[in-house]
Amino acid sequence: MSEFSIGVDLGGTNLRTAVIDSNGQMLDKLAGTTDLTEGPERVVDDIVHGIETLRDKYSTHRMTGVGIGVPGFIRMAEGYIVGSHNLPVLNHYPIRDAIEKRLETPVILENDANAAALGEKWIGAGRDVDDLVLLTLGTGIGGGIVYKGRVMHGAVGMAGELGHITVVPNGNPCGCGNRGCLEKHASATAIESMANLMALGENLTSKQVHDLALAGEERAIRIFQSMGEALGIGIATLVNTFNFPLYLMSGGALAAWDFFYPTLEAEVRARSFTYRNAETRIGKALLGSEAGLFGAAYLPFQAQSVTRS
Ligand SMILES: [Zn+2]
């Protein structure tokens with residue numbers, strides 16, 4: 001190993017830190033929890049502590065930098081998060097600069113789904129393409145757009161919020177202010193809400209709804225078809241917008257792929273001329289919950305290659 005960088009995945013519950021070399025090998029990983037009870041300084045302390053522990057352990061090698069994936073809308077230039085439901089104490093807090101100052105090393109902040117999309121491009125299901133879209137199906141739906149090998153940021157860093165594109169004109173209300181957002185109709189949370197509305201059982205998890213579908217329960221199967229329809233409408237719009245070769249999905253809901261994918265594919269086919277006339281793959285991401293760590297660690301390598309070229 002000649003050099004390494006550190007990828008951090010900061011979630012509302014978990015804080016993970018990994019050492020990854022420039023070939024995409026993960027050499028070490030720390031898994032901890034995010035403590036939001038004592039304010040932003042405590043979160044910064046915990047992040048810095050994890051990074052320092054690993055940096056010291058690999059001190060004979062050069063550290064290129066640090067990338068941090070965070071949930072929420074990001075202001076890239078200012079280096080902070082706005083509108084994060086998972087990390088409310090960090091909204092508008094200058095987290096990038098605070099960490100940079102403590103470590104005296106460059107820190108790059110990135111939206112977690114953007115980081116995951118970049119990780120899949122680097123060493124995952126998108127290795128062989130330059131352009132892809134990733135949808136992370138979890139309690140919400142995150143989105144990341146990679147164009148010509150780099151995360152597409154838009155004007156301030158808020159591009160790729162694909163969980164909030166409208167798929168049902170007067171659909172379920174969303175915390176973002178819109179109605180009918182993709183994540184209100186196709187996330188794990190949406191599956192659980194539909195199961196509740198259909199009185200399938202007492203507060204079933206999305207996995208339990210999947211188990212019912214496997215057992216042949218018609219209403220559970222319809223829930224996944226509804227999810228596939230919402231995803232298909234969203235992905236058709238993305239195919240029409242980008243004409244990229246690859247659209248990936250990740251998250252626990254992939255287990256139910258065989259139940260939602262046929263409806264999804266039929267919707268995309270019906271709604272997208274581009275899909276019917278251009279080679280387009282819709283598939284599963286490969287790196288699971290580690291995609292964000294790889295993508296975050298890749299950011300400093302990418303920044304370095306720009307400076308050198
Ligand atoms: Zn929304």
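In this predicted model, the largest nonpolar core comprises 89 residues. Those with the most contacts inside the core are Ala-117, Leu-134, Met-227, Ile-235, Tyr-247 and Phe-294. Helix α7, spanning residues 218–242, is the element that gives the most to this core, with eleven residues. Since domain 1 (3–117 + 289–308) and domain 2 (127–285) both give residues to the core, it lies between them.

Leu-134 offers a good place to start looking around this region. Leaving aside residues up to four places away in sequence, Leu-134 touches Ala-113, Ala-116, Ala-117 and Glu-120. Its other contacts, on the same terms, are Gly-143, Gly-144, Leu-248, Ser-250 and Ala-285.

The domain assignment divides the chain into domain 1 (3–117 + 289–308) and domain 2 (127–285). Their C-alpha centres lie 27 Å apart, and 14 residues of domain 1 are in contact with 19 residues of domain 2. On the side of domain 1 that touches domain 2, the elements giving two or more residues are β5 (73–75), α3 and α10 (291–308). Helix α3 supplies the largest share of that side, five residues. By residue type, the side of domain 1 that touches domain 2 divides into eight nonpolar, three polar and three charged residues.

Attention now turns to the sheet. Five strands form an open sheet with mixed pairing, in the order β3-β2-β1-β4-β7. Strands β3 (26–33) and β7 (107–111) are the edge strands, each pairing on one side only. From one strand to the next, the twist averages 20 degrees.

Two helices that pack on this sheet can be followed by eye. Helix α2 (residues 95–103) touches β4 (62–70) and β7 as it packs on the sheet, and its direction makes about 150 degrees with that of β7. Helix α3 (residues 112–123) also packs on the sheet, where it touches β1 (3–10), β4 and β7. The direction of α3 makes about 100 degrees with that of β7. Helix α3 thus appears in two settings: it packs on the sheet, and it contributes five residues to the side of domain 1 that touches domain 2.

Within the sheet, strand β2 (residues 14–21) has a partner in β3, with which it pairs in the antiparallel sense over seven bridges. One position to find here is Ala-18, whose bridge partner in β3 is Lys-29. Strand β2 also pairs with β1, again in the antiparallel sense and over seven bridges. In this pairing, Val-8 stands opposite Thr-17 in β2. Strand β2 is mostly covered, with six of its eight residues buried.

The connections between these strands complete the picture. Strands β1 and β2 form a hairpin with three residues between them. The hairpin of β2 and β3 has four residues between the strands, and in this hairpin Gly-24 takes a positive phi near 85 degrees.

Notes: Residues numbered from 1 in each chain as written. Predicted model: local features only at pLDDT ≥ 70, side-chain atom pairs only at ≥ 80, totals over all residues. Core = buried A, V, L, I, M, F, W, Y, C linked by C-beta atoms within 7 Å. Buried ≥ 20, exposed ≤ 12 C-beta atoms within 10 Å, placed from the backbone. Domains from an automatic or database assignment. Contact = placed C-beta atoms within 7 Å. Pairing = 2+ DSSP bridges. Axes fitted to C-alpha atoms, helices over the stretch in contact; angles between N-to-C directions. Nonpolar A, V, L, I, M, F, W, Y, C, P; charged D, E, K, R; others polar.
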